[in-house]
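Colleague: Got a few minutes to go through this one with me? I'd like to pick at some salt bridges and whatever else comes up.

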Amino acid sequence: MSPSVPLQEMIRAIRSARTQCEERGVIQRECAAIRAQFRQADNGGRSHNLAKLLYVHMLGYPAHFGQMECVRMIASPRYSEKRVGYLGAMMLLDEKQDASLLITNSIKNDLSHSNQYVQSLALCTLACMGSAEMCRDLAPEIDRLLRASNSYIKKKAALCAVHIVRKVQDLGELFAPTARSLLAEKNHGVLHGAVVLITELCGQNTETLEKFRKTVPDLVQIMKGLVISGYSPEHDVAGISDPFLQVRILRLLRILGRNNEAASDAMNDLLAQVATNTDSTKTVGNAVLYETVLTVLDIKSESGLRVLAVNILGRFLLNNDRNIRYIAMTSLQKIVGTDHNAVQRHRGTIVDCLKDQDASVKRRALELSLALVSATNIRSMMKELLLFLSSCPPELKAEAASGIFNAAERYAPSQRWHIDTILHVLTTAGGDVRDETVPNLIQLITNTSELHCYTVHKLYRALLKDISQQSLVQVACWCIGEYGDLLVKGECQETEPVQVSEDDILDALETVLQSHMSSPTTRGFALTATMKLSTRITDNVDRIRSVVSIYGSCIDVELQQRAVEYNALFKKYDHMRAAVLERMPVIEKNSPGHTNGVSTGEPVKELKPVQVKQGEPQHAANQVCDLLDLLGGSEEPQQPQLAACSVVPAPPISTSTAGGDLLDLLGGLEPTPLPLLTPAPTMTVYEKDGVTLTLSCEKQSDSGLMVTLTASNSTDSNISGFTLQAAVPKSVQLHMKAPSGDSLPPSDTAKVTQMVVLNNPNKVNLKMRIRICYTIRGSTVQDTIQIDSFPTH
Amino acid sequence: MIRFLLLFSRQGKLRLQKWFTPQADREKKKVIREMMTLVLARPPRTCNFLQWRDLKIVYKRYASLYFCAGLEDQDNELLALEVLHRYVELLDKYFGNVCELDIIFNFEKAYFILDEFMMEGEILETSKVAVGVAMEEADTLQETVEEYMSKPAY
């Protein structure tokens, strides 16, 4: 066994190890020696051994075998051993280790030791790793020490009490009276501890807070003493007397003055005095000023004082020291909601900070700038923000982009400006914008019909320059697809005309299609745009046809499906091509979450009965589930059935709906309203409380069915608000016409009819669930019926 | 309160760690690694404050050592800079022109000084003189033969 090496030699040996492996070897040898030493009886070098172990622990090696040794050393009568033992306990033991309970007794004994340095070791360790159990056990001891001991112990006992109160909140009541009396002490350490303890107690319990409000005059007195008093060498830091205590008192005053007029009044003078007299050339002075400003802004201070505080922050903003500027912006962020105008005055400086080198300062400046954007300064602010966006660090790009979008949406002075701004953002930071941006922008563009020409020109030019920004390319492709004819026409009021030939446009789209930089979604956009152009341009339809057929064998399933369908449009349904690919009507914005708003041309609200949604493959297969979903009034976007609207498969929607669309349209084109009371078989499906509902159906085509529902009221009260809602299995398409009315006069005087068109291409078993709602004699009635078999010819 | 105080060198070697809240060993190691990555990556002449998770990180470089403290939301960052500075002054007073080697070879003394200056994440003693006196007396107690004579009073 190698003789144990004193601590410093071991450290030297470890440091001189040239490789990690060598170091591990040295440490393993040493640990073995230390373990052997621990097993031996009491010898002189115990504290050295434990110290060595602690060093090894700091390097990151396991040292749990030293825990019991710590416990033994703490119990030793020798101060040197106790000292290292307690240090070991603080480093190796925490409240989760079982061994920590074993030292409770030693701590208890040491708290009453005759030597204050032993007492202080115990207090320090208890404050560092005392568990809730230990705290409960020893709290009375601590209280005793708080009341009757010298100031050296008192200050330590105060912070130990803080630890106890943080761990076990109930014990706060135990310390409250003692804490109050400590404020009369002269020793700064004790005062500081007392202020911290009171702050903690007030933070936990509002009743205690009320009681401690009475201490405000005392605190003001202490503070005045610190501020006005002459030079005290012991506590002076760069001309400020005990800044640590000053800051702590200010923080306590803040808590006490919050929401309380009387307390705030009592401290007004003091705060004004501190704010004006504190020397702000050094960091320490600024620390005190900073705390003062925070306090003034948080309590119910008078307006003059508030103005003073904001001015101090303004001065901070102009300070050369970056730290101070950062602090100033953090504080201004907190008050930008309440004192908006005051902060606006410093807008110029804040915007300048956007150009600072430091990333932390930049972040704060960005947040604050976004908060300061308003209708009056939107143009100048946006210029600065866009400039910032082009040179900002990558971690801030997403935040900046979304902030700019929000600001633009709220305060855009004109549509054109809005579109320009969004385009600018897409060109500079297109990769970092959120996914909803593309549909939102498309919606915005569609809605500003007077700017279509301008927009498509700009986008075309942007596309030519750079096709790497996916969001931008997607929007550009969509626009070119929609408004390609405006592009070819060449003339545009808002921007210089450029001669664009149809070939140029198709070239651009093909570049996007073939580029390896384009994501699959983008290529989908491009293909659809190419297809749409077949109705907008006249000469190169053959070219489009060939492009589309090439992609019919593309590996990407989505593209392949689209290409195949467009091919079908060319071949079999050429007569419908123009209708299908018509211009999109104005999109109504449903809600922020509705990204699928791009595809629905018709707002759902126009039709009174709830329209059944079609073929959403995302839904679970279960038929019954669907019926329940549908009657629950699901908010999924509807696939429109009316022929008037041109349904173009929009990019974000998944593949099979695209196929479903075309078929839907074909199904939807067929029905024509039939006259009432046709000689079709009828059956009564519902009869209850005098309300009767009959159903008759007539076959329209191979898969189409026209169902007529007739309702009548045989009671002697009027029925109003009569509505029917219907749900059918997933693969069946349903279209409800407007009912003839919604009120049923009593005694079968008149009837309400509703026509429902069904299309059952898959020939599934036809079922229908109908919900009836009406109001009779002031109360609402709701009922549901299921129809499992339909009478047919 | 200050949640933790770390001292590490430019090469990423930890010289002192003080945790004022109980943490699992694994968590401590993770925090240390992240702090080192964040702080060592900062270019010179930048702001001394960072935002990390829900804490404010204040760091200052003294010669080859980085002093890094994690503060809670309510704490005053500028004052934390002063706290770090005061600790360095105390070390300097005790060791006489302190350098990194002093802290390496006498790490337990660095801890003792810290324990006289801070407790429970708060400042314990605001007077430089008082801390120095306490350390002197404790050291004397450690070396004197008298310690064998002192008996605990129950």
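Colleague: Let's start with Arg364(A): is it buried or exposed?

Modeller: Buried: this is a predicted model, and in it Arg364(A) has 12% relative accessibility. The cut-off for buried is under 20%, so Arg364(A) qualifies at 12%.

Colleague: What does Arg364(A) form a salt bridge with?

Modeller: With Glu367(A), and the closest N and O atoms of that pair are 3.2 Å apart. Glu367(A) is partly exposed, at a relative accessible area of 24%.

Colleague: And where do those two sit relative to each other?

Modeller: They're both in helix α22 of chain A, which runs over residues 359-372. Glu367(A) and Arg364(A) are three residues apart there, so about one helical turn separates them.

Colleague: What about Asp420(A), which residue does that one pair with?

Modeller: Asp420(A) makes a salt bridge with Arg416(A), with 3.7 Å between the closest N and O atoms. The two are four residues apart in helix α25 (residues 415-429) of chain A, so again we're talking about one helical turn. Arg416(A) counts as partly exposed, at 31% relative accessibility.

Colleague: OK, over to chain B. What does Lys18(B) bridge to?

Modeller: To Asp115(B), where the closest N and O atoms are 3.2 Å apart. Lys18(B) is in strand β2 (residues 14-19) and Asp115(B) is in helix α4 (residues 107-117), both of chain B, so the pair ties together parts that are 97 residues apart in sequence.

Colleague: Are those two buried or exposed?

Modeller: Lys18(B) is buried, with 6% relative accessible area, and Asp115(B) is buried too, at 8%.

Colleague: How many salt bridges are there over all chains?

Modeller: The count is 46 over all chains. There's also a network of salt bridges that links Arg166(A), Glu200(A), Arg248(A), Glu120(B) and Glu122(B).

Colleague: Switching to empty space. How many cavities of 30 Å³ or more does the structure hold?

Modeller: It holds 15 of them. The largest has a volume of about 190 Å³.

Colleague: Which residues lie nearest the centre of that largest one?

Modeller: Arg248(A), Asp75(B), Leu79(B), Val83(B) and Glu122(B), out of 16 lining residues. Arg248(A) and Glu122(B) are also members of that salt-bridge network.

Colleague: Which elements supply at least two residues of the lining?

Modeller: From chain A it's α15 (243-257), and from chain B it's α2 (77-95) and β7 (122-123). By type, the lining divides into nine nonpolar, three polar and four charged residues.

Colleague: And how much space lies in the second largest cavity?

Modeller: About 130 Å³. Its lining has 15 residues, and the closest to the centre are Ser120(A), Leu121(A), Phe112(B), Asp115(B) and Glu116(B). So Asp115(B) turns up here as well as in the bridge with Lys18(B).

Colleague: Which elements give two or more residues to that lining?

Modeller: Chain A gives α5 (79-92), α8 (116-129) and α10 (151-167), while chain B gives α4 and α5 (128-143). The split for this lining is ten nonpolar, one polar and four charged.

Colleague: Back to acids for a second. Where does Asp143(A) lie?

Modeller: In helix α9 of chain A, residues 132-147. Asp143(A) counts as buried because its relative accessibility is 6%.

Colleague: What does Asp143(A) touch?

Modeller: Leaving out residues up to four places away in sequence, Asp143(A) touches Leu174(A), Phe175(A) and Thr178(A). There's also a polar contact of 2.7 Å between the side chains of Asp143(A) and Arg147(A).

Colleague: Last topic, chain B as a whole. How many helices and strands are there?

Modeller: Five helices and seven strands. Along the sequence the pattern goes β-β-α-β-β-β-α-α-α-β-β-α.

Colleague: What box do the C-alpha atoms of chain B fill, and what share of its residues is buried?

Modeller: The box is roughly 55 × 35 × 30 Å along the principal axes. Of the 154 residues in chain B, 59% are buried. For contacts in chain B between residues at least 6 apart in sequence, 48% join residues at least 24 apart.

How values were computed
Residues numbered from 1 in each chain as written. Chains lettered and ligands numbered in written order. Predicted model: local features only at pLDDT ≥ 70, side-chain atom pairs only at ≥ 80, totals over all residues. Heavy atoms only, no water. Buried < 20%, exposed > 50% of the residue type's maximum accessible area, 1.4 Å probe, protein only. Polar contact = N/O pair within 3.5 Å; in protein donor to acceptor, adjacent residues only side chain to side chain. Contact = heavy atoms within 4.5 Å. Salt bridge = Lys/Arg side-chain N within 4 Å of Asp/Glu carboxyl O. 1 Å grid on protein atoms, 1.4 Å probe; cavity = no way out; pocket = protein on both sides within 12 Å on 5 of 7 lines; lining within 4 Å. Points joined across faces, edges and corners; volume = space filled by probe spheres on them. Nonpolar A, V, L, I, M, F, W, Y, C, P; charged D, E, K, R; others polar.
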